[in-house]
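Colleague: I've just opened this one and I'm a bit lost. Could you pick a single spot, take a close look at it, and then tell me how it sits in the rest of the chain?

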Amino acid sequence: MPDDIWRYKLKYAWSSFCHLYVVKLAELRGETLSARLLLNRMVEQAVQLVFLYNRRYRPGTYKWLSRELAQISPVVNEHVKQLEAILMEPSIAIAVQQLEGLLMKLAYQHNGLKITEFIELQPAPFYARGLQSYSYVNIEDAILATLPGELQHLEIPGALDQLITSDHVLIWADHYSKFRPVYSAKSDITRTGIGDMIV
């Protein structure tokens, strides 16, 4: 993919981990299902980062995901084992710690590729309440600074394949264009609420 788009997708993938602390927070509040679902989502974003840092497209279907990852390199094979261990780990706290270890390896890979200036992981912000070790915002900010203005100011963050999880769309890329009318439609309704803005 074009270099700018590649970096744009990297930036968005890293943004998923700013709320990693919520995984432990949900568990502490007895919301185990929420914690597990969030953890699984974070693992999926880590998978996306592994594909991106190795300049490979993630398959549109989960069926081929493990196989495609395993074929990249022996190092990525180790990442796959670590990702599987995270998903199978009975302790949420240990799983989050393992995920942070993998993210540290990916940050190291980021620095090795010299996409941006050298990134030192910063401590997590105060609102993470000690439930997350690092902040990944400085990686996002550094990547964002390398993007052309047009990509820096897009209103919808991330590429379409990062926003949509439907196999029907991800497997058949020609479906992408069918969304154009939805995003280009004009409306006379003034939407000012925060929910409206998110939609």
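**A close look at Leu38**

Modeller: Let's go to Leu38, which sits in helix α3, the stretch covering residues 32-53. Keep in mind that this is a predicted model. Is Leu38 buried or exposed? Neither, really: its relative accessible area is 26%, so Leu38 counts as partly exposed. Now for its company. If you skip the neighbours within four places in sequence, Leu38 is in contact with Val22 and Val23. Take Val22: 16 residues separate it from Leu38 along the sequence, and their C-alpha atoms are 7.9 Å apart in space.

For contrast, try Thr116, which lies in the loop between α6 (92-113) and β1 (122-123). Its relative accessibility is 13%, and the cut-off for buried is under 20%, so Thr116 counts as buried. Again setting aside neighbours within four places in sequence, Thr116 is in contact with His110, Ala142, Ile143 and Thr146. With His110 there is also a polar contact, side chain to side chain, at 2.8 Å.

Now zoom out. The protein chain has twelve helices and two strands, and reading along the sequence you get α-α-α-α-α-α-β-β-α-α-α-α-α-α. The chain has 199 residues, and 38% of them count as buried. Among contacts with a separation of 6 or more, 63% link residues 24 or more positions apart. As for the outside, the accessible surface comes to about 12,100 Å², and 57% of that belongs to carbon and sulfur atoms.

Conventions:
Residues numbered from 1 in each chain as written. Predicted model: local features only at pLDDT ≥ 70, side-chain atom pairs only at ≥ 80, totals over all residues. Heavy atoms only, no water. Helix = DSSP H or I, 4+ residues; strand = E, 2+ residues; numbered from the N terminus. Buried < 20%, exposed > 50% of the residue type's maximum accessible area, 1.4 Å probe, protein only. Polar contact = N/O pair within 3.5 Å; in protein donor to acceptor, adjacent residues only side chain to side chain. Contact = heavy atoms within 4.5 Å. Areas by Shrake-Rupley, 256 points an atom, 1.4 Å probe, with all protein chains shown as cover.
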